[in-house]
Amino acid sequence: NKQIILRDYVSGFPKESDFEFTTTTVELRAPEGSKSLLVKNLYLSCDPYMRSRMGKPAASGIAQAFTVGKPIIGFGVSRVIESGHPDYKKGDLIWGIVGWEEYSVVTPIPDMHFKIHDTDVPLSYYTGLLGMPGMTAYAGFYEICSPKKGETVYVSAASGAVGQLVGQFAKMMGCYVVGSAGSQEKVDLLKTKFGFDDAFNYKEEQDLSAALKRCFPKGIDIYFENVGGKMLDAVLLNMNTFGRVAVCGMISQYNLEDHEGVYNLTSIIYKRIRIQGFAVFDHYDKYSKFLELVIPSIKEGKIAYVEDVAEGLEKAPEALVGLFHGKNVGKQVVVVARE
Ligand code: NDP
């Protein structure tokens, strides 16, 4: 069983050398009545929150720290090889938390493992668009942003797994949508593929507030926050009265020992801004409703989706580390096996 092991707890930016690609020969089983499954992992998902699991246990965020010397874990799409669970049978497809390895033994947990029913779409989509990041975009936009037709929406890290879908939901709602990303290629993608009204490369802007003023001469009603730090500060200066900020993530801060300060906080009072953090796992009760909206939209070509695919488990550390340098163009997926 080939695996990706955490060598030691990570501080600062994660490096490929923090992980080791190894092979074990332990025989894996899912005995009858054990309620566990032996699964073959097909696709693995690289997600920014995984950084919080790489630090020492006390330093990790909501999710528990990885164990040094053990395979790291994350979302994946897998096929059941053996089942000791009455609700699953050999051949079923699932998505959810598995080890970063070829085969895993998992005990399905509600809201952490989901049976895949619609296989009429590429299976890798269940690591992104149809999985955790897609649900994040859905819950974050529709539940937390309280959007209305005609409002102005700004999305940071907009070409990523979550951002590309938030922008498309906002367009479907009839909003004016601007995204930012870290390269010209991504900016072009936002405008041509995902239908954003405008986009800019934040790395090329001297003054982020001026860039936002240029894109939003009448101000921002909704900010879907993925990056934090200086961007949040600039956004606060450009928010409209009674604007909403859905705090989904702050990737610019995840690798810093000392987080950057945010200074323009008085805007929250003057403009009566609602800033609300949220976590996707509080919202899985809406998962089937989400699929009912998104699956037909994919099939009808109304929702576009871009993946960045790394081939082979051995490429997984490079792909994961790349997220924190913006190397991924679209959702970062690792193919372990295609069937
Ligand atoms: P992405 O696919 O967007 O990948 C991460 C992207 O973040 C990179 O490609 C890069 O794009 C950008 N980035 C990296 N470093 C920085 C930096 N220092 N400053 C600004 N941008 C940076 O990831 P996801 O779509 O999966 O996740 C987006 C956000 O949503 C993350 O913050 C994540 O933690 C959060 N999240 C929160 C969840 C929740 O439940 N609250 C659930 C899932 C995700 P670029 O080229 O634009 O710099």
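**View 1. The ligand shell in the predicted model takes residues from both assigned domains.** The shell around the ligand draws at least three residues from each of domain 1 (2-128 + 306-335) and domain 2 (132-281), and the model shown here is a predicted one. In total, 29 residues surround the ligand, and the closest are G160, V162, G182, G249 and G326. Sorted by class, this shell comprises 16 nonpolar, 10 polar and three charged residues. As for confidence, the mean pLDDT of the chain is 96, with 99% of its residues reaching 70 or more, while the model as a whole scores ipTM 0.99 and pTM 0.97.

**View 2. Domain 1 and domain 2 meet through 15 and 18 contacting residues, respectively.** The domain assignment of the chain places residues 2-128 together with 306-335 in domain 1, and residues 132-281 in domain 2. Between the C-alpha centres of domain 1 and domain 2 there is a separation of 28 Å. Across the contact between them, 15 residues of domain 1 touch 18 residues of domain 2, and the residues on the domain 1 side of this contact divide into seven nonpolar, five polar and three charged.

**View 3. Helix α3 is mostly covered.** Of the 10 residues of α3, eight are buried, namely G163, Q164, L165, V166, G167, Q168, F169 and A170. The elements that cover these buried residues include α2 (132-144), β8 (152-155), β9, α4 and β11 (220-225). Just after α3, the backbone at G174 adopts a positive phi of about 85 degrees.

**View 4. Helix α4 has a buried face and, turned away from it, exposed residues.** In α4, which spans residues 184-192, the buried residues are K186, V187, L189 and L190. Seen down the axis of α4, these buried residues fall within an arc of 160 degrees, so they line one face of the helix. The face of α4 turned away from that buried side carries Q184, E185 and T192, which are exposed. Packing against the buried residues of α4 are α3 (163-172), β9 (176-181) and β10 (198-201).

**View 5. L190 is a buried residue of helix α4.** L190 counts as buried because it has 25 C-beta neighbours inside 10 Å, where the cut-off for a buried residue is 20 or more. Leaving aside neighbours within four places in sequence, L190 is in contact with A158, S159, G167, G179, A181, F196 and A199. For one of these partners, A158, the C-alpha to C-alpha distance to L190 is 7.4 Å, although the two residues are 32 residues apart in sequence.

**View 6. S183 and G195 occupy the loops on either side of helix α4.** S183 is found in the loop between β9 and α4, and G195 has its place in the loop between α4 and β10. S183 is partly exposed, with 15 other C-beta atoms within 10 Å, and G195 is likewise partly exposed, with 15 other C-beta atoms within 10 Å. Not counting residues within four places in sequence, S183 is in contact with N201 and G326, of which G326 is also listed among the closest residues to the ligand. The C-alpha atoms of S183 and V329 are 9.3 Å apart in space, with their positions 146 residues apart in sequence. G195 touches Q168 and K171, not counting residues up to four places away in sequence, and Q168 is itself one of the buried residues of α3. The C-alpha atoms of G195 and V306 are separated by 13 Å, the two residues being 111 residues apart along the chain.

**View 7. D111 and R272 are residues other than glycine with a positive phi.** D111 takes a positive phi of about 70 degrees although it is not a glycine, and its place is in the loop between β6 (103-106) and β7 (113-115). With 13 other C-beta atoms within 10 Å, D111 is partly exposed. In R272, phi is near 50 degrees, again a positive value in a residue other than glycine, and R272 lies in the loop between α7 (266-270) and β13 (274-277). R272 is exposed, with 12 other C-beta atoms within 10 Å, since a residue counts as exposed when that number is 12 or fewer.

Conventions:
Residues numbered from 1 in each chain as written. Predicted model: local features only at pLDDT ≥ 70, side-chain atom pairs only at ≥ 80, totals over all residues. Helix = DSSP H or I, 4+ residues; strand = E, 2+ residues; numbered from the N terminus. Arc of directions from axis to C-beta. Contact = placed C-beta atoms within 7 Å. pLDDT = per-residue confidence, 0-100. Domains from an automatic or database assignment. Nonpolar A, V, L, I, M, F, W, Y, C, P; charged D, E, K, R; others polar. Near = placed C-beta within 6 Å.
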